[in-house]
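Trainee: I should be grateful for a close look at how helices are packed in this model. Please explain each term as it arises.

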Amino acid sequence: MSFTRLKLSRRKFLAASGVTLAAASMAGGLSSIKAVANDEAKGKLGELGRKFVPSSCAMCVNKCGLIAEVVNGKIRKLNPNPKFFKSRAMLCARGNAGVEEPYNPDRLKAPLLRVGKRGEGQFKEISWDEAFKIVAKNLDEIKRKYENRSAVAFYSTEGFQEEFFHFLVQSYGSANTVRHPTLCLSSVIQGWSSVFGTYPDADLTQAEFVIMLGANRGEALVTPDSIDFQKNRPKGQKIVYLDPRFTVTASKADKWYPVKPGTDLAFILAVTNVIVEEGLYDKEFVDKFTFGFDKLKEHIKPYTPEWAEKECEISASEIRWTAHEFAKYAPRSLVYPGRRTSWYVNDVYLRRACAILTAIVGSFDVPGGIVPKSSIPLAKHDPIFPFFDMSKGRLDVSFKGIKELLPEDERTAAGLPTDSCTFLGEKDGSWLAFREAALRGEPYPIKAIIAYKQNLVESAPNREKTLKLFEQMDFICTIEIQMSETAWYSDLVLPESTYLERWDPCHSLSGIWPIVTFRQPVIEPLFNTKSMHEIAAGIVNEMLKIPSLWDDADSADVEDFKATLVEEILNKPTEEFVKYQLSKYPGAFDQIKKEGVFYLSDKPVYGKMRKEGTRFKTKSGKIELYNLKYEEKGLDPLPVYRRPSQPEPGKYRFILGRHAWNTHAGTQNNEYLHMIQKENSLWINTKEAIRLGIKSGDYVKVKSKVGEQIVKAYVTEKIRPDCVFYAHGFGRISKGLSLVYKKGASQAAILEDKIEPISGNAAMHETFVEIKKA
């Protein structure tokens, strides 16, 4: 299927975004934003006239293509790029709302140095030169005082400029980087990769039968899947959706099963049981490409639909129907992998089971099935970094204290690791395990934090623990666009230019339809801000002026480092970096600058892993239904169902979910998006609300073992009686976020820090709460 000839209409955009209010409020440009025409920005109109500049969005992780309409140096509107087929020539409400980001009155405008106590919000403006000197000085002092560069932790979330942040990390030599995947998708990556050796995509444009487990693509937008789910479904496609909440995705599915939380694995194992017992699997594919089917055949026998009905509260007849339909439409049937899977302590086993079910019907690397990602290779610089003697290994690798995050009896009963996380990404680490180790100072202390775009305070469960961690720090520096909670508690705040004011490196967005995107400035920076590239260059150049920062490295390595990183990359414009990335494709730079996108083909790629002699990235070289590495490490080599913990009488399981108009905790202070949702509310089932005497609009107290919040109630039939829910990103404690400060309730304040210890992911659906009228 080709997507380069898509026609875009206003009606089509509104239907795809699903948020008419947001699109309507944005259509008139910036007239509704308060204090936009402030004195500092008035003079920066740039060139007169009207122009259209292609770039890509940064309001969420999808990086959709956009074309900015700029009039007299000010952005009038952001439009979808019709040539950007990954986003199907669409731009959602958040993407449209990005027009507000450069003009937001709360944005950071200059480097800020703390002058009061942490958390008081007392800062003074300083110059960039002074700011760079402060960072370099603190890095040097910590290295000399603790004789360990890894005493500095570097936190970041994904983004084009993160590459330059990691150049800064490597320039200093800390082993401790902590990234967003273990608050999001590390368990799904581990689970599917343990079967196929890769984390694949789903071809929703040609699938005829789809099982989705809580992957709310109607609201938690992922491109192209959310667009394909709503606009490009093939005729007759059936979708079965499991979720304790009735979401937008549930409303568009053919069948919605309000599954009992934590029992999705029982459902998948029972579907697998029917397909195996009735011989509905693809025998040829299983024989040729898989390992361990005989073991699976014996293992799956106890997991009958009748057994599963008692666990997941979905009838045996519905489970059998799902199995028969799944097999009937194979190989154009799939279990949708999803993205955020930070749910339960057994999440990796659940994702393995989903991959196994997909594999046995042969729905791999074919149209309408699960497809390994393809990519467009880019030219890469190969800078040389010194080897530093004073740099110890990762803190969370050797940390044995995960019993604080998941008691040993619970881990043993669940067939999970008993001492430490089994599979940690070298750059990602484990967010919760790392914080626990840092709080204990084991096996060594962490004394400084440098954070880029990652709001540590509001992103992770158990906010109080994060604030306690901050109390142990000698130095905290945050690089941000607005005054996030992490910035609010920092010693130094460095303001990054918005994505509409800077060049960003190319990224090869892998998938069934691989594509390359980048960013170029739509307008000039309005304030005294810099890109992460410029910030990294400024800090590293100051570091080079301090001899003691380099005395544990070989002098020849340092000279090579200066030549290959500092002079070749950091001290050159980002535009030159982009040109080099595209250098193997003649004309690509001019094309991407003009059109906002570069690609080799708009046709999907299938079949590359089904060729004779293909070796999968697993120990056996085949698709591992039975995982040999898991067996070696004492884990369940085949998924074993164990009944999840249940709430005590009078308590409820707190579950999470995303929606279409905000991204995590990053966009609630955007005025356009604030118009849609000014605060969150607690979903509570009607029956339970009546029992507690609660009506919609009443304020209620939500209390867990680690904290409590006050929030308005939303009484509804759209959630199971044993669960409650409210949206992320509210109840903020930074006074620098004027629209959402103390509005609604924070998830981070009540979530317990339970861990899924195979991948190190957070288990965010393992918190039980009490509900009372406030």
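Mentor: The following account turns to two helix pairs, and then to one further helix.

This is a predicted model, in which local features need pLDDT of at least 70 and side-chain atom pairs count only at pLDDT 80 or more, while totals for chains, interfaces and linings use all residues. Residues are numbered from 1 along each chain as its sequence is written, and side-chain values use heavy atoms, with hydrogens and water left out.

The pLDDT is the predictor's confidence in each residue, from 0 to 100. Its mean for the protein is 92, and 93% of the residues reach 70 or more. Over residues 3-43, however, the pLDDT is below 50.

Consider helix H10 (residues 264-277) and helix H13 (residues 305-312), whose axes come within 9 Å and cross at roughly 170°. Helices are DSSP runs (H or I, at least four residues), numbered from the N terminus, as are strands (E, at least two). Axes are lines fitted to C-alpha atoms, for helices over the stretch in contact, and angles run from 0 to 180 degrees between N-to-C directions. H10 is therefore roughly antiparallel to H13. Angles under 35 degrees count as roughly parallel, over 145 as roughly antiparallel, 65 to 115 as roughly perpendicular and the rest as oblique.

On the H10 side, the contact involves Ala266, Phe267, Ala270, Asn273 and Val274; on the H13 side, it involves Pro305, Trp307, Ala308, Glu311 and Cys312. Contact means heavy atoms within 4.5 Å. The residues of this contact comprise 8 nonpolar, 1 polar and 1 charged. Here Ala, Val, Leu, Ile, Met, Phe, Trp, Tyr, Cys and Pro count as nonpolar, Asp, Glu, Lys and Arg as charged, and the others, Gly among them, as polar.

The second pair is helix H6 (residues 162-172) and helix H23 (residues 574-581), with axes that come within 13 Å and cross at roughly 105°. These two helices are therefore roughly perpendicular to each other. Glu163, Phe164 and Phe167 of H6 make the contact with Thr574, Phe577 and Gln581 of H23. By class, the residues of this contact are 3 nonpolar, 2 polar and 1 charged.

Finally, helix H15 (residues 347-360) has 14 residues and reaches 20 Å from its first C-alpha to its last, close to the 20 Å expected at 1.5 Å a residue. The expected span is 1.5 Å times one less than the number of residues. Because 14 of the 14 residues of H15 are buried, this helix is largely enclosed by the rest of the structure. Buried means under 20% relative accessible area, exposed over 50%, and partly exposed in between (1.4 Å probe, protein chains only). Just after H15, glycine 362 takes a positive phi of about 75°.
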